[in-house]
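Visitor: I would like to go through the salt bridges of this model. Please show me the sequence and the structure.

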Amino acid sequence: MQPIAIFYISLSGNTEDFIHRLAAHIKQKYGLELETTNLKSLVKKGQPAIFDIDKPYFSFLPSYLEGGNGLDNGYQEILTTPLRRLIAHGENATYCLGIVGSGNRNFNKQFCLTAHQYAQDFGFPVLDEFELRGSQEDLERIGDKLVKVFQTATKTKGVAYVQN
């Protein structure tokens, strides 16, 4: 079976840590590999962060929003826009099986808000959420969900999942 592709952005290292632990969990439990791409790393290396994606994938996104009090204002995305640009490019959004949000619950309504904004803007589901680096329970729940969604999508849609 093809690897499970994940495109994500990690600024503080929390999301990247979660992705590394997720890869180990999925490999141990299911024998499946993750193919992960951190958009922040591509940008730092001067590599193109906008390209065509032609396979099913998942996105992981922390919430970084500008200003506000977390209750009734300050919902403008900042710092994570390279992932938004990649998903918006060409037909890339049609291959996204869903997004997983992360954040800090101290930020009230802003917790994982950016993932919900992506889901609304691009038409794919928010599959789950976790706080900061995520707990072992988050890791297992999200890992199991990704494998199930991936296997279902690739069986029912063939090699590529296209959502219209």
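Guide: The questions below concern salt bridges in this predicted model.

Visitor: How many salt bridges does the count come to?
Guide: A pair enters the count if a side-chain nitrogen of Lys or Arg is within 4 Å of a carboxyl oxygen of Asp or Glu. By this rule the count comes to 9 salt bridges.

Visitor: How many residues apart in sequence are the parts that R133 and D17 tie together?
Guide: The side chains of R133 and D17 form a salt bridge at 3.5 Å, N to O. R133 sits in the loop between β7 (126-131) and α5 (136-157), and D17 in helix α1 (residues 14-30), so the parts tied together are 116 residues apart in sequence.

Visitor: Does D128 count as buried or exposed?
Guide: D128 meets R141 in a salt bridge of 2.8 Å, N to O. The pair links distant parts of the chain, with D128 in strand β7 and R141 in helix α5. Buried means under 20% relative accessible area. At 12% relative accessibility, D128 counts as buried.

Visitor: Which helix holds both D138 and R141?
Guide: The side chains of D138 and R141 meet in a salt bridge at 3.1 Å, N to O. D138 has 13% relative accessibility and counts as buried, while R141, at 29%, counts as partly exposed. The two are 3 residues apart, about one turn of the helix, and both lie in helix α5.

Visitor: Which residues are linked with D128 in a network of salt bridges?
Guide: R141 forms a salt bridge with D128 and another with D138. The network links D128 with D138, R141 and K145.

Key. Residues are numbered from 1 along each chain as its sequence is written. This is a predicted model: local features need pLDDT of at least 70, side-chain atom pairs count only at pLDDT 80 or more; totals for chains, interfaces and linings use all residues. Side-chain values use heavy atoms; hydrogens and water are left out. Helices (H or I, at least four residues) and strands (E, at least two) are DSSP runs, numbered from the N terminus. Buried means under 20% relative accessible area, exposed over 50%, partly exposed in between (1.4 Å probe, protein chains only).
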